Amino acid sequence: SLVGKSFGKYCAVLLELHILTLVLLSPDNNSGEFGSKEMSEALSLKSALQLFDADFFSNSKVMELPKDAKDFNIPVFKANRKAVASENGGLHNPSVLVFNSEWSMNEVPHKNKKFSYPSPSDINVPEKEEDIAFMSVIELGYLIKTKKITSQKLTEIFLRRLKRYNHTLEAVVTYTEDLAYKQAIEADKLLDQGVYLGPLHGIPYGLKDIISVPQYKTTWGSKTFQNQVLDMEAWVYKRLKSAGAILIAKLVTGSLAYDDIWFGGRTRNPWNIEEFSTGSSAGSAASTSAGMVPFAIGSETAGSMTYPAARCGVTAIRPTFGTVGRTGVMSISESLDKLGPFCRNAMDCAVVLDVIRGRDPDDLSSREISLEDPFFIDITKLTVGYLEDAEMEVVDILASKGVNMVPFKLNYTVDSVQGILNFTMDVDMLSHFDEWQRSGQDDAYEAQDQWPLELRRARIIPAVDYVQAQRARGKLIREIRDSFTVDAFIGNVTDWEKVCMGNLVGMPVIIVPTGFKDITHPPPGGTRRRTTITTGIYAPPQHDHIVSGISLNFKSFPVVVSIKTTPFFRD
């Protein structure tokens, strides 16, 4: 270690000598104007400016910077932080710079109606609780509506499953048991009075633990905030509560909504418990996959729904940016954050999305987006592109159903897509957790190579280059719009370039499990553990009904028809 330290000092000295040489040899040196102290200060400033790719100023201009910064910049910095940055999480004082993902301002919106989902019939309550747990939201809703089962009974079943299997999956942060039974009793009472609130009436569910619910901890998955109770109702929670849904648990989020590591452990994949679930909506994906909740709400800034849905073999829809309000939700990036449902089939996702979508008056980015009814989409009138990495079985199935399938490639010239996303996400996140970093709380973070490292790097991203990144993002959006010559396209949903591109553009994608493959290195006696195969269906912003409508035709795929046959606890 001493050798390493000595080598580091040696490199630092070489760097300073190199910079000093450049300063002395530069045409505008005018070193006679400065004494040794001034030259030393100029050297330090030149060295610092290299970190900003801004070491092009003359020495005289460099020496003007400290006074200008102290007299003007720093007082403004401090005043702004005092005004808006004393609290972490971005729950208050949102930016007035509002991202709008809409491609055309000239489209005439059609009347926005609720979806007409199909109603099942002749469904009875299975004898085994396990079979009840893997019924769809639509099926459970039918049992509730016809009074074949009570909301209290369903709440009891799913709470019991959460407690039974959470020790293995590490997917639950807080059980909201008292609230759940109170809401279930009210749901049953309303039904007895002839009041039916819709398909989620009496249905249990879970929320990712960045979503605020009064009187319960909202930990953001972080040991720093593990005792935090926020006295506010998140807008999405209000929507679900008004629809009669029953909150039974706050589910794991990776610490500060990053990956699957949280203060209580690391969430596992129900299909293969040797794997972790990946992505910060880890608890929502794992709990839904294991039949511990009928559905759950998660969020995505950059892959936090996409990856866990694919890994855990569940269906999830990341809707068009602005579709679901985010008041009361921890913020990473106000122009990237999105909320959406995790379910075990596409029909349930459409039903849940229909309930939670709509304009949130306190979220400047949310809008009343006009969507057609996905249950009435005629897929034979659609042209769907398939990328080079698409699953050809998916292509063949859709073609057999009358969809016009064509080879497709998105063409864009912006080659810094992944960097744009990181600049945007990290700088925005740092603005919401400025106090957290300044006070040294990042030292207690669960994974030091994640947010702590990224946010230190974000501290030295100049404002001008953040704006340039947004300009490049605008160019990317225009190029994607112009090359989007199909109604939708399918491809590998976990490809990082597509994850970044889709989130920057704000386009919807639905993640659909379509099959299995064997795990690597199975035990000698064999195993039921599997790796799920998924596909992603993408559409232009405000065309969520297209991705839902296409995915409703995936009933013939193996995971869709047999998702209840290999949960982790049967291995």
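**Exercise 1.** How much space lies in the largest cavity? State which residues line the largest cavity, and sort the lining by class.

*Solution.* The model is a predicted one.
Step 1: the structure holds 1 cavity of 30 Å³ or more.
Step 2: the space in the largest cavity comes to about 40 Å³.
Step 3: the lining consists of P319, T320, F321, G322, T323, V324, R326, D337, K338, L339, D363 and S365.
Step 4: by class, this lining divides into 4 nonpolar, 4 polar and 4 charged residues. Glycine goes with the polar class in this count.

**Exercise 2.** Decide whether helix α9 is enclosed or not, and give the backbone feature that comes just after α9.

*Solution.*
Step 1: helix α9 spans residues 282–289.
Step 2: a residue is taken as buried when its relative accessible area is under 20%. In α9, A282, G283, S284, A285, A286, S287, T288 and S289 are buried.
Step 3: because 8 of the 8 residues of α9 are buried, the helix is largely enclosed by the rest of the structure.
Step 4: G291, just after α9, has a positive phi of about 70°.

**Exercise 3.** Assess the confidence of the chain, then examine residues 1–5 and residues 560–567.

*Solution.*
Step 1: the protein chain has a mean pLDDT of 90, and 90% of its residues reach 70 or more.
Step 2: over residues 1–5, pLDDT stays under 50, and the model has 0 contacts beyond four places in sequence for them.
Step 3: residues 560–567 also have pLDDT below 50, and this stretch has 18 contacts in the model beyond near neighbours in sequence.

Key: Residues are numbered from 1 along each chain as its sequence is written. This is a predicted model: local features need pLDDT of at least 70, side-chain atom pairs count only at pLDDT 80 or more; totals for chains, interfaces and linings use all residues. Side-chain values use heavy atoms; hydrogens and water are left out. On a 1 Å grid over the protein atoms alone, a cavity is a set of points where a 1.4 Å probe fits but cannot get out, and a pocket is an open set with protein on both sides within 12 Å along at least five of seven lines; lining residues have an atom within 4 Å of a point. Grid points are joined across faces, edges and corners, and a volume is the space filled by probe spheres set on the points. pLDDT is the predictor's confidence in each residue, from 0 to 100. Contact means heavy atoms within 4.5 Å. Buried means under 20% relative accessible area, exposed over 50%, partly exposed in between (1.4 Å probe, protein chains only). Helices (H or I, at least four residues) and strands (E, at least two) are DSSP runs, numbered from the N terminus.
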